[in-house]
Amino acid sequence: MVSTASSYLDPLLFAVLPYVVFFTFFLVTIQRYRMRTFSYSSLSSQFLENRRHFWGLVPFHYGILVVLTGHVVAFLFPRELLLFNSRPIRLYILEASALIFGLLTLVGLVASVARRFEVSKIRKVTSVSDWVLFALLLVQVVSGIYVAVFHPWGSSWFAASVTPYLWSLVKMNPDFTSIAAMPLSVKLHIVNAYLVIGFMPFTRLVHVLVVPNPYLWRRPQVVRWYRRPGPSPAGKS
Amino acid sequence: MNVRSQISMVFHLDKCIGCHTCSIACKNIWTDRRGAEYMWWNNVETKPGCGYPTQWENQEKYRGGWERADGKLRLRSTGKGKVIFNIFHHPHMPSMDDYYEPWTYDYQHLFNAPEGPDQPTARPISMVTGEPIDIKAGPNWDDDLGGSPIYAENDPNLEGLTEEQKQQLSAIERLVFFYFPRICNHCLNPACVASCPSGALYKRGEDGIVLVDQNRCRAWRSCIAACPYKKVFFNWFAGKSEKCILCFPRIETGQAPACFHSCVGRIRYLGVLLYDAERIEEVAKSPDEELVEAQRSMILDPWDPEVIRAAREAGIPDAMVEAAQRSPVYKFVKQWKLALPPHIEYRTLPMLFYVPPMSPVMASREQNEAVEHVSDDLFHDIDAARVPMRFLANLFGAGHEAKVRYALRKQKAVRWYRRALTVGDVEMETAERMLREADCSPEEAEQIYRLTSLCTFAERFVIPPEHREQAIEMLEDPGEHRTTAGFGFLTGPGRAM
Ligand code: SF4
Ligand code: SF4
């Protein structure tokens, strides 16, 4: 499995690239937030086209949210996950639902891309960075589904092999031996994920960083006073 | 008592001539930009008619405003629970098709067309895609189309009218309609603000103007669905919400908003109202038939020493209170009870009030007589008029006729009184009796007449000094930016990457 090419490439892709993309990610998102807050927008196109928007955006978002949550759980609670998977029936159910949500994501993504291609109004508001982002996301979702189908039980081997690798990155002591032995599709999925993260600050994807959680506990009306010092009292009705 | 000040408005519908000057003034200043072409922060509708966006009053479709549910107020379109589900795709959001696709014409073709047997034409070009389009709708598409079967007949305010009344609205040669200019109402209980997940919309404490903080807007679109008047717009190019700002830069420099300033019919009045902010929720929860009165009752008397004291305590400058005392809006809304809020059943407590129109009502009766026939019931024709009372009540009385009837009766009494005074074809005795029956004294009638017909610029617009320059200097030191950078935006508000 370990060819000469990959012995040069692997350190680059799995030990250097992650740091590069995370550095870019934090630097650019923070700087963009400070200098160009205005540009933080989901740039919704629902206003221009309503019906197909539903069939693209809804499956995509629900799908991706569930799948991402799965990844995060495997990253944070590998032991618990392995324990959960120790009964085959639970493992099958988990894997099957992960696949279903993955497919849901793909359906939504393809529908969104098709909509952007076919509706002329939407094409008009699609930028180069949107197209690049779509390409990256497509690679990501397709490779993810491929892995789920052809290298099953990912919920277990992710927790066993990928999680330690990711933690080694966090601890600034990258150890990618477990990754180096992985099939190509998995490697592609990981590298492409880094690309998505690295490219994200330059796209509309930054909207996930500003999801509005305070809404759930603030009071409905917002009043801002200019003559009264202090923070704008969100929540005075 | 928690006194707050609010810049409020009255539109006197009896005087609107439907010229759209107001809309153009606004468009030229604020919405002549990419992404905003289709927006009309000020628009003038023909009633009965579908309005802009089409059928905006149909809340079965758009789910705007608030509803009462088990003693609580709830947004119809969204809310804490629903916001998560609506954020990917808002089910009740209007799309561009509900407004219209903006266009221009290919004028260059008139100059550049190759020589040929036919005259070249300037084809309509979409301002979104740049491609030729077939125009299917436009701003104000049903202007003056009262009586038309596709537009007027679909007016949601026709609900509850008898078949006969509907027919009478569109009878051939006796067709009737009136104009309904609209801007954001700068509501006391704004649904747009309450719906924004990012907290980008806010009400200014000092003057109640409702604004969108575009640096915080993330295009979640909740406000667009939540405003029952459809007065928040989505800029499809910038990916941000926008709305009427009541020309606050003009107000802060003592000028009337552009639509007010330019109004040809002089139908617009602007002034300060003091109100009790503690009562907002309670008032907004009142039953339909009490809403108009409840909102009136939260507006405070600016001469009452108790109110003045509480206003000082709340940090309201004396100049603001003084402006409230001279406010024409206070007179129309509270003293004379002539002006009514539009669709208060949406429970946003709008602060733009309308004097219901009566010209077509009067002109409709006894076509050949200059002066109406006077029966024992001097006001009989108000109820028999061609714009059915129920229609006006649906617009201005939450479906209840009493307040609208009161306003119309008073207007009619004032007219007859003036007529007795100046033309002399009405007995003064009759006129005085009408005044009495309409709950109006001769002095009040004089004042109403003056403020309606002879009002000067300064009487129509009583703009309080806002002292914003001082307020801003408290927050930002202009010296800090000297020799380093410009003021305000360091980068223009361009579309994101
Ligand atoms: S009219 Fe609509 S946009 Fe204006 S304050 Fe009221 S709810 Fe908000
Ligand atoms: S400018 Fe005045 S009179 Fe003309 S349409 Fe507007 S509100 Fe009516």
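Reader: Which residue does Val223(A) stand opposite in β8(B)?

Author: Val223(A) faces Lys203(B) there. This is a predicted model, so everything we discuss is computed from predicted positions.

Reader: What makes β1(A) and β8(B) a pair of strands?

Author: Two strands count as paired when there are at least two bridges between them. β1(A) and β8(B) have 2 bridges, in the parallel sense, so they meet that requirement.

Reader: How many bridges join β8 of chain B to β9(B), and in which direction do the strands run?

Author: There are 3 bridges between β8(B), residues 201-204, and β9(B), and the two run antiparallel. One of the partners is easy to find: Lys203(B) is bridged to Val210(B) in β9(B).

Reader: Why is the pairing in this sheet called mixed?

Author: The open sheet has 3 strands in the order β1(A)-β8(B)-β9(B), and its pairing is mixed. β1(A) and β8(B) are parallel, whereas β8(B) and β9(B) are antiparallel.

Reader: What makes β1 of chain A and β9 of chain B edge strands?

Author: Each of them, β1(A) at 223-224 and β9(B) at 210-212, has a single partner strand, so one side of each has no neighbour in the sheet.

Reader: How do you know which residues of chain A and chain B are in contact, and how many are there?

Author: Contact requires heavy atoms within 4.5 Å. By that rule, 52 residues of chain A are in contact with 69 residues of chain B. Together the two chains bury about 5600 Å², with 57% of it on carbon and sulfur atoms.

Reader: What makes Asp213(B) and Arg224(A) a salt bridge?

Author: The cut-off is a side-chain nitrogen of Lys or Arg within 4 Å of a carboxyl oxygen of Asp or Glu. For Asp213(B) and Arg224(A) the closest N and O atoms are 2.8 Å apart, so the pair qualifies. Across the interface of chain A and chain B, the rule finds 3 salt bridges.

Reader: Which elements of chain A each supply at least two residues of the side that touches chain B?

Author: They are α1 (4-35), α2 (51-76), α5 (120-124) and β1 of chain A. The largest share, 7 residues, comes from α2(A). By type, the residues on this side of chain A divide into 26 nonpolar, 16 polar and 10 charged.

Reader: Why is strand β2 of chain B described as largely enclosed?

Author: A residue is buried when its relative accessible area is under 20%. In β2(B), residues 43-47, that holds for 5 of the 5 residues, so the rest of the structure largely encloses the strand. Both faces are covered: Asn43(B), Glu45(B) and Lys47(B) are buried on one side, Val44(B) and Thr46(B) on the other. β2(B) also pairs with β7(B), residues 178-182, in the antiparallel sense over 5 bridges. One of those places Val44(B) with Pro181(B).

Reader: Is Lys47(B) buried or exposed, and how do you know?

Author: Lys47(B) has 0% relative accessibility, so it counts as buried. Its side chain meets that of Asp155(B) in a salt bridge, 3.2 Å from N to O. The pair links distant parts of the chain: Asp155(B) is in the loop between β6 (124-126) and α5 (163-170) of chain B, Lys47(B) is in strand β2, and they are 108 residues apart. Asp155(B) is buried as well, at 3% relative accessible area.

Reader: What makes Glu306(B) partly exposed?

Author: Partly exposed lies between under 20% for buried and over 50% for exposed. Glu306(B) is at 39%, so it falls in that range. Arg309(B), at 41%, is likewise partly exposed. These two form a salt bridge with their closest N and O atoms 2.6 Å apart. Both lie in helix α12 of chain B, residues 305-313, 3 residues apart, about one turn of the helix.

Reader: Why is helix α11 of chain B called largely enclosed?

Author: In α11(B), residues 291-298, 6 of the 8 residues are buried, so the rest of the structure largely encloses the helix. The buried ones are Leu291(B), Val292(B), Ala294(B), Gln295(B), Arg296(B) and Met298(B).

Reader: Is Gln325(B) buried or exposed?

Author: Gln325(B) has a relative accessible area of 18%, so it counts as buried; the cut-off is under 20%. This residue lies in helix α13 of chain B, residues 318-325. Leaving aside residues up to four places away in sequence, Gln325(B) touches Pro302(B), Trp303(B) and Ile308(B).

How values were computed: Residues are numbered from 1 along each chain as its sequence is written. Chains are lettered from A and ligands numbered from 1 in the order in which they are written. This is a predicted model: local features need pLDDT of at least 70, side-chain atom pairs count only at pLDDT 80 or more; totals for chains, interfaces and linings use all residues. Side-chain values use heavy atoms; hydrogens and water are left out. Helices (H or I, at least four residues) and strands (E, at least two) are DSSP runs, numbered from the N terminus. Buried means under 20% relative accessible area, exposed over 50%, partly exposed in between (1.4 Å probe, protein chains only). Buried area is the accessible area (1.4 Å probe) that two parts lose on being put together, summed over both. Ala, Val, Leu, Ile, Met, Phe, Trp, Tyr, Cys and Pro count as nonpolar, Asp, Glu, Lys and Arg as charged, and the others, Gly among them, as polar.
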